[in-house]
Amino acid sequence: MNSDCLFCKIGAGEIPAEKLYEDEELLAFRDIAPQAPVHFLIIPKKHIQDPSGVGEDDEALIGRMMRTASKVAEKSGISDYRLVFNNGAEAGQTVFHIHMHVLGGRSLSWPPG
Ligand code: 5GP
Ligand code: ZN
């Protein structure tokens, strides 16, 4: 728990969020500024700054994030979706606690801007 970190606080329940799934290690919650009809984030409760901060001990945790994305997407009524991790400010990262975006419910263009 990093007391300066927004997503650590959401993970600890200190800041409210619209939760879609939670267990001891992970939390899925709706993005506050959705970019698609379905847009939620999956975070580990453990503070990891970004994808480049993922260690060997975290490999199973990151795999669980992906499996959870599929389950919550299905519960949200979508079968097609995009998973995004932004790593670093130039890539669009604004919250420096690793998070997986799950986006769907509309047609998504590729490549991204
Ligand atoms: P990033 O740009 O770092 O990849 O994504 C951060 C995401 O977190 C953004 O899509 C932003 O809308 C979302 N976000 C920022 N602050 C909050 C918040 O307090 N609550 C929720 N639910 N989402 C947030
Ligand atoms: Zn954090």
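## Close-up views of a predicted model

**View 1. Gln-49 sits in a loop, between β3 (38-44) and α2 (59-75).** Keep in mind for every view here that this is a predicted model. Is Gln-49 buried, exposed or partly exposed? With a relative accessible area of 45%, Gln-49 is partly exposed, because exposed would take over 50% and buried would take under 20%. Now look for its partners from further along the chain. Leaving out residues up to four places away in sequence, Gln-49 touches Gln-93, Phe-96, His-97 and Ile-98. Take Ile-98: Gln-49 and Ile-98 are 49 residues apart in sequence, yet their C-alpha atoms are 5.4 Å apart in space.

**View 2. Four residues hold the zinc ion (ligand 2).** Which atoms do the job? Cys-5 and Cys-8 each offer their SG atom, while His-47 and His-97 each offer ND1, at 2.0 to 2.3 Å. The angles among the 4 donor atoms run from 104 to 115°, and the site is tetrahedral. Read along the sequence, the spacing of the donors is C-x2-C-x38-H-x49-H. Both cysteines, Cys-5 and Cys-8, are buried. You have met His-97 already: this zinc donor is one of the residues that Gln-49 touches.

**View 3. Here is the model's 1 aromatic pair.** The partners are Phe-7 and Phe-29, and they meet edge-to-face, with 5.5 Å from centre to centre and 85° between the planes. Phe-7 belongs to helix α1 (residues 6-11) and Phe-29 to strand β2 (residues 26-30), so the pair links distant parts of the chain, 22 residues apart. How accessible are the two rings' residues? Phe-7 is buried at 6% relative accessibility, and Phe-29 is buried too, with a relative accessible area of 3%.

**View 4. The largest nonpolar core has 17 residues.** In soluble globular proteins, nonpolar side chains tend to be buried together. The residues with the most contacts inside this core are Ala-28, Phe-40, Ile-42, Met-65, Met-100 and Val-102. Which elements give two or more residues to it? They are β2, β3, α2 and β5 (100-104), and α2 gives the most, with 6 residues.

**View 5. Zoom in on Met-100 and its contacts.** Setting aside neighbours within four places in sequence, Met-100 is in contact with Phe-40, Leu-41, Ile-42, Met-65, Met-66, Ala-69, Leu-83, Val-84 and Phe-85. There is also a second, separate core of 9 residues, including Cys-5, Ile-10, Leu-27 and Phe-29. Two of those names are familiar: Cys-5 is a zinc donor, and Phe-29 is half of the aromatic pair.

Technical notes: Residues are numbered from 1 along each chain as its sequence is written. Chains are lettered from A and ligands numbered from 1 in the order in which they are written. This is a predicted model: local features need pLDDT of at least 70, side-chain atom pairs count only at pLDDT 80 or more; totals for chains, interfaces and linings use all residues. Side-chain values use heavy atoms; hydrogens and water are left out. Helices (H or I, at least four residues) and strands (E, at least two) are DSSP runs, numbered from the N terminus. Buried means under 20% relative accessible area, exposed over 50%, partly exposed in between (1.4 Å probe, protein chains only). Contact means heavy atoms within 4.5 Å. Rings of Phe, Tyr and Trp (its six-membered ring) pair if their centres lie within 6.5 Å; planes under 30 degrees apart count as stacked, over 60 as edge-to-face and the rest as tilted. A nonpolar core is a set of buried Ala, Val, Leu, Ile, Met, Phe, Trp, Tyr and Cys residues joined through side-chain atoms within 4.5 Å. Donors are N, O and S atoms within 2.8 Å of the metal (3.2 Å for Na, K and Ca); water is not among the atoms, so sites may look incomplete. Four donors count as tetrahedral if all angles lie between 85 and 135 degrees; four count as square planar and six as octahedral if opposite donors are over 155 degrees apart and all others between 65 and 115; anything else is irregular.
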